[in-house]
Every structure is written in structure tokens, then in C-alpha cells.
Amino acid sequence: MPDRDDQNRAVPGFLKTISAVLAAATLIGLTALPRAAEAGDVPTFAVDASWPKPLPNNWTIGQVGGITTDSQGHIWVVHRPKSLTDDEKGAR
């Protein structure tokens, strides 16, 4: 059976090990967290009241499947023209 002196010497070593493990877990946890956005990282947007312009030839747009822009700043809308219901078709 170990005597008290052996147990007293083992406790500081155990506490150092636990402290090291907790410190490492904290550091790993902090580096895994997403960083907060800084003021320079936040985009700003402005509403363009003149957009969208009316479509020519009394066209309507169905369910939108995607929107993108090209290098000239044109906006391309991919839609499903046959997805309109009868009441949506009458909204022209």
C-alpha cells in the first residue's frame, strides 16, 4: 500500500497534467470558433428604385431557379416559365 508521501507527490503531477490538457483544449476550442466580422468586412447595399424595369412584350417570370451577373454587370435570371398558375398568368 502506498504511503502518504507517495500520494502527496503524485497529486501535483496529476494537477499539472490536467491543467495542460485543459489549456490545450481551450486553445483548440478558441481557434476553432469563427471570428467575428469586423466593420470593414460587412458589405453595404443600396436599393435601386428603378430596378427591375418592366419586362418587354408583357412577359412574366416563373419560379426563379437562379440569378447571376456577368462581367459587364448584366443580371441573368434562370426561371421556369411553365411554373405559373392560372391566377399568376392573369397578373400581367
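A nonpolar surface patch of about 790 Å² is formed in this predicted model by Trp51, Leu55, Trp59, Ile61, Val64, Ile67, Ile75 and Val77. Two elements each give two or more residues to this patch, namely strand 1 (63-69) and strand 2 (75-80). Another member of the patch, Trp51, has its place in the loop between helix 1 (4-32) and strand 1.

The two strands that contribute to the patch also pair with each other, in the antiparallel sense and over six bridges. Within this pairing, Val64 stands opposite His79 in strand 2. The hairpin of strand 1 and strand 2 has five residues between the strands, and in this hairpin Gly73 takes a positive phi near 85°.

Some patch residues return in the lining of a pocket. The largest pocket has a volume of about 410 Å³, and among the residues that line it are Trp51, Leu55, Trp59, Ile61, Ile75 and Val77, each of which is also part of the nonpolar patch. The lining further includes Pro52, Lys53, Pro54, Pro56 and Thr60, together with His79, the residue of strand 2 that Val64 faces across the pairing. By residue class, the lining of the largest pocket divides as shown here.

| Class of lining residue | Number of residues |
|---|---|
| Nonpolar | nine residues |
| Polar | two residues |
| Charged | one residue |

The patch and the largest pocket thus share residues such as Trp51 and Val77, while Val64 belongs to the patch and His79 to the pocket lining.

Note on methods. Residues numbered from 1 in each chain as written. Predicted model: local features only at pLDDT ≥ 70, side-chain atom pairs only at ≥ 80, totals over all residues. Heavy atoms only, no water. Patch = residues over 30% accessible without salt bridge, like charges linked within 9 Å, V, L, I, M, F, W, Y side chains within 5 Å. Areas by Shrake-Rupley, 256 points an atom, 1.4 Å probe, with all protein chains shown as cover. Salt bridge = Lys/Arg side-chain N within 4 Å of Asp/Glu carboxyl O. Helix = DSSP H or I, 4+ residues; strand = E, 2+ residues; numbered from the N terminus. Pairing = 2+ DSSP bridges. 1 Å grid on protein atoms, 1.4 Å probe; cavity = no way out; pocket = protein on both sides within 12 Å on 5 of 7 lines; lining within 4 Å. Points joined across faces, edges and corners; volume = space filled by probe spheres on them. Nonpolar A, V, L, I, M, F, W, Y, C, P; charged D, E, K, R; others polar.
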